[in-house]
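Hi there,

Here is the structure I promised to pass on to you. Please open it alongside this email, and my notes on it follow below.

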Amino acid sequence: MSKNTISVRVPPEDKALLEKVTRSRREQVSDFVRRSIQKELAALNYLSADEKKALGIKTEEQKGGV
């Protein structure tokens with residue numbers, strides 16, 4: 001799967017915090033950002049239950065104990 005590039009501008013303090021967090025988690029900033037985007041899409045119900053589960057997001061089925 002090919003990946004596209006998106007550039008975003010963030011305040012210096014957000015960039016510094018993002019770098020601090022990703023360094024402590026031993027991950028790349030791009031991986032963190034991709035996962036963050038996926039989690040937001042899941043929260044907005046644009047992803048399937050299986051995709052949400054893969055992200056560690058509980059679905060309504062899991063919340064209700066079904």
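R26 sits in the loop that links α1 and α2. Its backbone caught my eye: R26 takes a positive phi of about 55 degrees, although it is not a glycine. Please keep in mind that this is a predicted model, so the angle is a computed value. R26 is also exposed, because its relative accessible area of 80% is over the 50% cut-off.

Q28 belongs to that loop too, between α1 (12-24) and α2. With a relative accessibility of 54%, Q28 counts as exposed. If you would like a distance to check on your screen, try Q28 and L18: they are 10 residues apart along the chain, and their C-alpha atoms are separated by 9.9 Å.

Following the chain onwards brings you to helix α2, which covers residues 29-43. This helix has 15 residues and reaches 21 Å from its first C-alpha to its last, close to the 21 Å expected at 1.5 Å a residue.

L41 is one of the residues in helix α2. Is it buried, exposed or partly exposed? L41 is partly exposed, because its relative accessible area of 31% falls between the 20% and 50% cut-offs. L41 also belongs to a nonpolar patch on the surface, which it forms with V29, V33, I37, L44 and Y46. Together these residues have about 530 Å² of accessible area.

Just after α2 comes N45, with another backbone angle to look at: a positive phi of about 65 degrees. N45 is a residue other than glycine as well. Its place is in the loop between α2 and α3 (49-54), and at 57% relative accessibility N45 counts as exposed.

Now for the chain as a whole. What pattern does it follow when read along the sequence? The answer is α-α-α-α, with four helices and zero strands. Of the 66 residues in the protein chain, 11% count as buried. The chain exposes about 6,100 Å², and carbon and sulfur atoms supply 52% of that area.

If you only have a few minutes, I would start with the two positive phi values, at R26 and at N45, and then turn to the nonpolar patch that includes L41.

Enjoy looking around, and best wishes!

Notes: Residues numbered from 1 in each chain as written. Predicted model: local features only at pLDDT ≥ 70, side-chain atom pairs only at ≥ 80, totals over all residues. Heavy atoms only, no water. Helix = DSSP H or I, 4+ residues; strand = E, 2+ residues; numbered from the N terminus. Buried < 20%, exposed > 50% of the residue type's maximum accessible area, 1.4 Å probe, protein only. Areas by Shrake-Rupley, 256 points an atom, 1.4 Å probe, with all protein chains shown as cover. Expected span 1.5 Å × (residues − 1). Patch = residues over 30% accessible without salt bridge, like charges linked within 9 Å, V, L, I, M, F, W, Y side chains within 5 Å. Salt bridge = Lys/Arg side-chain N within 4 Å of Asp/Glu carboxyl O.
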